[in-house]
Amino acid sequence: KKIKNYLLLSLPFLIRDMDNQQFFDSVEDYVKKLGGKRVIDRVLVANNGIAAVKGIRSIRQWAYQMFGTEKAITFIAMATPEDIKANAEYIRMADQFEVVPGGSNNNNYANVPLLVDLAERNNCQAIWAGWGHASENPLLPETLSKTDITFIGPGARAMEDLGDKINSTIIAQNAKVSCVPWSGQGLVIDYEKDGIQKEVQRKACVTTLEEAKTAIEKIGYPIMIKASEGGGGKGIRKVEREEDLEINFMQVVTEVKGSPIFIMKLVPNSHHLEVQILADEVSL
């Protein structure tokens, strides 16, 4: 689809005709005239470093184009003692900041209860988590859905399912995306109605060596054995012949204990491509 005449940002209501140079009086005026559902003009930036810088800078650029001032949106940053000592740029860019504990991100940017508490205490209407830290933790949007605070990002259900290698592949093939042959091929779901039930996910998995052999009979060698919860080189093995299947299967099982395991056809000489999708809560 051509988006030449539109600027798409991740806030639910941030879409406008670029040919219309009219300035709106305020965010509230903008939301009202475009039929939006709520005003967001105070945002907690639940991130640091370059992610926070880019988030603040992008929305301020949009605000200047829309309202004639980049200060239409107020940003509340989080700052650890380490960030403050480093005189981090994002802290200087923010309108105000809250000092948070240092150390591991479990103490600060990935601490969901802390993020929600900070947003509530600062009267924020939304949390922007960027990438990394808590941005892919379904607990954050799930918790915020019980409050009046918006999570700028996908809902908990979509985040959880698309973050799972098995569930995301089931969704893709039901959306008619061409998928590599795998142990869950052919599974049919009604995602809007039922989501992905546990029994459906179970059918896509292999739990024993015999189940792996059965799946490979349909897929054919060479294959990849993959743990759904694996990553960073753990829980993944290439197998080119049946003689090597058992040892590699057991290695995957032991490397990521308790993780669901699936089999996928190996795609040799492949390239990793990622496509970024911009959308709001009602449309692409």
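Two residues are in contact when heavy atoms of the pair lie within 4.5 Å. By that criterion, residues 24 or more positions apart account for 56% of the contacts in the protein chain with a separation of 6 or more. The model described here is a predicted one, and every value below was computed from it.

## Overall architecture

The protein chain has 284 residues, of which 42% are buried, and its secondary structure comes to 12 helices and 10 strands. Along the principal axes, the C-alpha trace spans about 70 × 45 × 35 Å.

Five of the strands form an open sheet in the order 5-4-3-6-7, and the pairing is parallel. Strand 5 (96–99) and strand 7 (150–151) stand at the edges of this sheet, and because each has a single partner strand, one side of each is left without a neighbour in the sheet. At one of these edges, strand 6 (residues 126–128) runs parallel to strand 7 and is joined to strand 7 by 2 bridges, with A126 standing opposite T150 of strand 7.

## Helix 12 and the loop that follows

Helix 12 (245–255) is connected to strand 10 (261–265) by a loop that contains S259. Within helix 12 itself, L245, N248, F249 and V252 are buried. These four residues cover an arc of only 105° around the axis, and they therefore lie on the same side of helix 12. The spacing agrees with a general property of this kind of element: an α-helix has 3.6 residues a turn, so residues three or four places apart point the same way. What covers the buried residues of helix 12 includes helix 11 (209–219), strand 8 (223–231), strand 9 (234–239) and strand 10.

In the loop, S259 has a relative accessible area of 9% and is therefore buried, since buried means under 20%. Leaving aside neighbours within four places in sequence, S259 is in contact with A227, S228 and E229. For S228 there is also a polar approach, in which a polar atom of the S259 side chain lies 3.2 Å from the backbone nitrogen of S228.

## Salt bridges

How many salt bridges does the structure hold? There are 10 in the structure, and three of the pairs are set out below with the separation of nitrogen and oxygen.

| Salt bridge | N to O distance |
|---|---|
| R57 and E89 | 3.3 Å |
| E255 and R237 | 2.3 Å |
| E243 and R241 | 3.8 Å |

The pair of R57 and E89 joins two helices: R57 lies in helix 2 (residues 49–67) and E89 in helix 4 (residues 89–93), so the salt bridge ties together parts that are 32 residues apart in sequence. Both partners are partly exposed, R57 with a relative accessibility of 44% and E89 with one of 38%.

The side chains of E255 and R237 also meet in a salt bridge. This pair links distant parts of the chain, with E255 in helix 12 and R237 in strand 9, 18 residues apart. Here the partners fall into separate accessibility classes, for E255 is partly exposed at 33% relative accessibility, whereas R237 counts as buried at 19%. Strand 9, which holds R237, is also among the elements that cover the buried residues of helix 12.

In the pair of E243 and R241, E243 is exposed, with a relative accessible area of 60%, while R241 is partly exposed, with a relative accessible area of 46%. Elsewhere, R60, K71 and D95 are linked in a network of salt bridges.

## Cysteines

Which cysteine sulfur is closest to that of C205, and how far away is it? The closest cysteine sulfur belongs to C179 and lies 15 Å from the sulfur of C205, which is too far for a bond, because a disulfide requires a pair of cysteine sulfur atoms within 2.5 Å. A search of the whole structure likewise finds 0 disulfides. C205 is buried, with a relative accessible area of 11%, and C124 also counts as buried, at 6% relative accessibility.

Definitions and conventions
Residues are numbered from 1 along each chain as its sequence is written. This is a predicted model: local features need pLDDT of at least 70, side-chain atom pairs count only at pLDDT 80 or more; totals for chains, interfaces and linings use all residues. Side-chain values use heavy atoms; hydrogens and water are left out. Buried means under 20% relative accessible area, exposed over 50%, partly exposed in between (1.4 Å probe, protein chains only). A polar contact is a pair of N or O atoms within 3.5 Å; within protein, one must be able to donate a hydrogen and the other to accept it, and residues adjacent in sequence count only if both atoms are side-chain atoms. Two strands pair if DSSP finds at least two bridges between them. The arc is that of the directions from the helix axis to the C-beta atoms. A salt bridge is a side-chain nitrogen of Lys or Arg within 4 Å of a carboxyl oxygen of Asp or Glu.
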